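Here are my notes for someone opening this structure for the first time. Please read them with the model on screen.

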Amino acid sequence: MILFEDTTTPFISHVYKPPSCPLLLFKFKHLPSSITLVATYFLQNLKIKTRISFDQKLREGYIEINCCSESVVKHKMTITPKISIDDGNLVVHGKTILKGVPENIVLTPGTGSGLVTGAFIGASSTSRKSLHVFPVGILEDLRFMCCFRFKLWWMTQRMGTCGKDIPLETQFMLVESKDSNDNSPVIYTVFLPLLEGQFRAVLQGNDKNELEICLESGDHAVETNQGLNLVYMHAGTNPFEVITQAVKAVEDHMQTFHHREKKKLPGLLDWFGWCTWDAFYTDVTAEGVEEGLKSLSSGGTPPRFLIIDDGWQEIGNENKDPNIVVQEGAQFANRLTGIKENQKFQKKKDDHAPGLKHVVDEAKEQHKVKYVYVWHALAGYWGGVNPTVAGMEPYDPALAYPVQSSGIKGNQPDIVIDSLSVHGLGLVHPRKVYNFYNELHAYLASCGVDGVKVDVQNIIETLGVGHGGRVALTRSYIQALEASIAKNFKDNGCIACMCHNTDGLYSAKQTAIIRASDDFYPHDPASHTIHISSVAYNTLFLGEFMQPDWDMFHSLHPAADYHAAARSIGGCAIYVSDKPGNHNFDLLKKLVLPDGSVLRAQLPGRPTLDCLFVDPARDGVSLLKIWNVNMCTGVVGVFNCQGAGWCKIEKKTRIHDASPGILTGSVQSTDVDALTQVAGPDWNGETVVYCQRSGEVIRLPKGVSLPVTLKVLEYELFHFCPLKDVTENISVAPIGLLDMFNSSGAIEHFEVNFASHSEVNIDQSTDVSQTRPVTATVTLKVRGCGRFGAYSSQCPLKCTIDGVDTEFNYDGPSGLVTLTVPVAQEEMYKWCIEIIV
């Protein structure tokens, strides 16, 4: 057996060691080149077994081996954890990340699957307080990217190289470390500030270039003097895998939330939608809903999901004191007075009973809408519920006044908070909030509503005083919300909005869609480029928890194609908020098929590897590249996002360069991180690239890049289609529907079946002057209609659609095969296209 004594804790700290047990018992194999250990120990009569693998790089420790001959053999080995504190430095994979780590900072290796790649940072203080700031160490000369809350509701990105560049309210940070003098791989380390008990941690920097942990409860009565698992670190050579592994390790540790992959995605994601917000704002009416659905359907882009946004509820126009200074935004103090629809939705029409149910029924029956969602705030309405009106007594509401965290106060002021700080919010008691949600949602479900967009979520974090703090209150609300949704909406119908805080993210086991950035602001020129880049970088973090939602946009807008192209590869729901009659149907038909479905990419769209630590919004030289995959291909969207962003001086989003220059960059197949998984094991790295905007088709050898030049608010979509060699002379690749933004998203299956020795007769009108043996049949499953394209290095012998011969064109120089796919009579129909080569 292998016996580890208490003096060897640097070695055995990789597993949980019960305080009452000074020894751990191990079985072993594969010594000395590597060790796989199975630890068995007992804690209160519970037998626990953990499997651990180590490499040879070790910190000093002794093992004692009792061999079969009963002789004792001692081996001295050194084992080095991949994350450690050595001589006051935080070291990751042999590379120093932080210097001057204080003695009150504790590093605890992770357990389970993340054992040798992850660690928790803890800290202690001599005093008990509700708010602590712990310096962790000095960060210098290392590139990082972080996501921080620039206002209460939303995150955006920031890049930097030292501690003082780390903003307040940083909830995610990725650090790059590499050695210029050797060939060792680049190491990417992710820092995830966590929730521990009643406390929430975030990161920030100071003028000494120190990384700090800000730990707070949000309630002066809730105090502590330490935290053992405040920040989780995870490291490796692929940043996308590191981030996913880190969140999954935290999921195992906390047991309070689920990773996106475990959640049910609502069905609306695969259909085109319309939201009433920018079309009507709070003036939405039943007539307006009908008008909007009819208008979009008339142009051939029928919405199949509908979001009735703010404006349908019963609210009170609170009496405002004319002497109160805060007047602008006073409407945000309005409170809910009932759970049913307001009078705008109560107008009688024809012989139908008035009300929300009629609106929903009409949308589904006359306009074939599949999903109807309605809006409400997490607190009911912006100002909560009215504690004084009849019907609200069962929810035990009381006025509460927001208390913002120090980090939020240091960033952008918010008109909602200004208003509620004066007028207060009617807060449903956390013990009664499930009853409130259940009654609201049960009523909506009885009207045929399929889900809810739950907005203004982060306001709850400011109301934790007297309720155990921000974490406890938020978790009680999120758990109640998810329980009610599970009971009343069978499709997991929920879109989380204005919710970029870790209090909620680390408490959500069910919610599967999250708005990924601040709003689409149609009338704010500064907002459009930063909207695209913020969603992309926020998705690096948020996309591990839920499917990011890019928000609605206008199809008739100067930046419409820019927004549309980004959403087409974002993996998100695609919906607009056009006013009735104000549509660009030519644009919409690049997104929406005649049956109302969309070609959604498979993953959350994220920045490419070479964009992770550059700033495509502010540096004046970098293009933003966003990668994703479809079933058989990869796609990279390139966007010029320069010229505007959030300003830490003025504390608002503004234009900092009114005339950004034309930028040039490059794309290559390796920009699609997951392309090898899509292409399969036999792929040699060669691709056919379809440039959607220009229409070019280019055969691209492995390792070769394509240049791309864009003005601000311009884009290009590059579809990387893995090339399949049929013979030495014949190669093929799928492309897709050439006129759709996400062209290759139309292809759901691609295979090559080699033929037996046979021939086919070719019509003399084709480019092939004589018969040749059939080499293979390329079979594709395709959803959608219109111009379809594929690549073939030789002209096909013939093409069929669902077994029927069809005309096709072949362009020899590019290898592009085109044919026309008809409109299907069934929804989501998949055509079988065969190309005989």
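1. Start at the end of helix α5. The residue that follows α5 is Lys 368, and its phi is positive, near 60 degrees. The model is a predicted one, so treat this backbone angle as a computed value.

2. Now the helix itself. α5 covers residues 356-367, which makes 12 residues. From first C-alpha to last, α5 reaches 16 Å, close to the 16 Å expected at 1.5 Å a residue. Which residues of α5 are buried? They are Leu 356, His 358, Val 359, Val 360, Glu 362, Ala 363 and His 367. The cover over them includes two helices, α4 (286-298) and α8 (433-446). It also includes the strands β22 (305-308), β24 (335-341) and β25 (371-377).

3. The overall picture comes next. The protein has 837 residues, and 60% of them count as buried. Its secondary structure comes to 14 helices and 52 strands. Take the contacts with a separation of 6 or more: residues 24 or more positions apart account for 70% of them. The protein exposes about 33000 Å². Carbon and sulfur atoms supply 49% of that area.

4. On the nonpolar cores. In soluble globular proteins, nonpolar side chains tend to be buried together. Here the largest nonpolar core has 160 residues. Those with the most contacts inside it are Phe 172, Leu 192, Ile 308, Leu 444, Tyr 506 and Phe 639. Helix α2 (residues 239-254) gives the largest share of this core, eight residues. Another core lies apart from it and has 32 residues. Among them are Val 92, Ile 97, Ala 123 and Leu 203.

5. Look at Phe 639 more closely. What does Phe 639 contact, leaving aside its neighbours within four places in sequence? The list includes Ile 532, Tyr 562, Ala 565, Ala 566 and Ile 569. It also includes Leu 623, Leu 624 and Ile 626. Leu 710, Glu 714, Tyr 715 and Leu 717 are in contact with Phe 639 as well.

6. Helix α12 deserves a look here. It spans residues 560-568 and is mostly covered, with eight of its nine residues buried. The buried ones are Ala 560, Tyr 562, His 563, Ala 564, Ala 565, Ala 566, Arg 567 and Ser 568. Their cover includes the helices α11 (527-542) and α13 (585-588). The strands β32 (574-576), β35 (634-639) and β42 (715-722) also help to cover them.

7. Strand β15 is a good place to study burial. Eight of the eight residues of β15 (residues 170-177) are buried, so this strand is largely enclosed by the rest of the structure. Five bridges join β15 to strand β13 (residues 144-149), and the two run antiparallel. Five bridges also join β15 to strand β16 (residues 187-193), again antiparallel. Leu 174 of β15 is the bridge partner of Met 145. Leu 174 also stands opposite Val 190 in β16.

8. A small sheet is next. Three strands form an open sheet in the order β7-β8-β9, with antiparallel pairing. Its edge strands are β7 (83-86) and β9 (95-98), each pairing on one side only. From one strand to the next, the twist averages 40 degrees. How many bridges join β7 to β8? Four, and β8 covers residues 89-92. Ser 84 stands opposite Val 91 in β8.

9. Compare that with a sheet of five strands. This open sheet has the order β43-β44-β47-β51-β50, and its pairing is antiparallel. The edges are β43 (724-725) and β50 (809-811), each paired on one side only. Six bridges join β47 (residues 786-792) to β51 (residues 816-821). Tyr 791 stands opposite Leu 816 in β51.

10. Last, a loop residue. Ser 130 is found in the loop between β11 (118-129) and β12 (131-138). Is Ser 130 buried or exposed? Buried: its relative accessible area is 12%, and the cut-off for buried is under 20%. Leaving aside its neighbours within four places in sequence, Ser 130 is in contact with Phe 199, Leu 215, Glu 216, Ser 217, Asp 219, His 220, Val 222 and Glu 223.

Technical notes: Residues numbered from 1 in each chain as written. Predicted model: local features only at pLDDT ≥ 70, side-chain atom pairs only at ≥ 80, totals over all residues. Heavy atoms only, no water. Pairing = 2+ DSSP bridges. Axes fitted to C-alpha atoms, helices over the stretch in contact; angles between N-to-C directions. Expected span 1.5 Å × (residues − 1). Buried < 20%, exposed > 50% of the residue type's maximum accessible area, 1.4 Å probe, protein only. Contact = heavy atoms within 4.5 Å. Core = buried A, V, L, I, M, F, W, Y, C linked by side-chain atoms within 4.5 Å. Areas by Shrake-Rupley, 256 points an atom, 1.4 Å probe, with all protein chains shown as cover.
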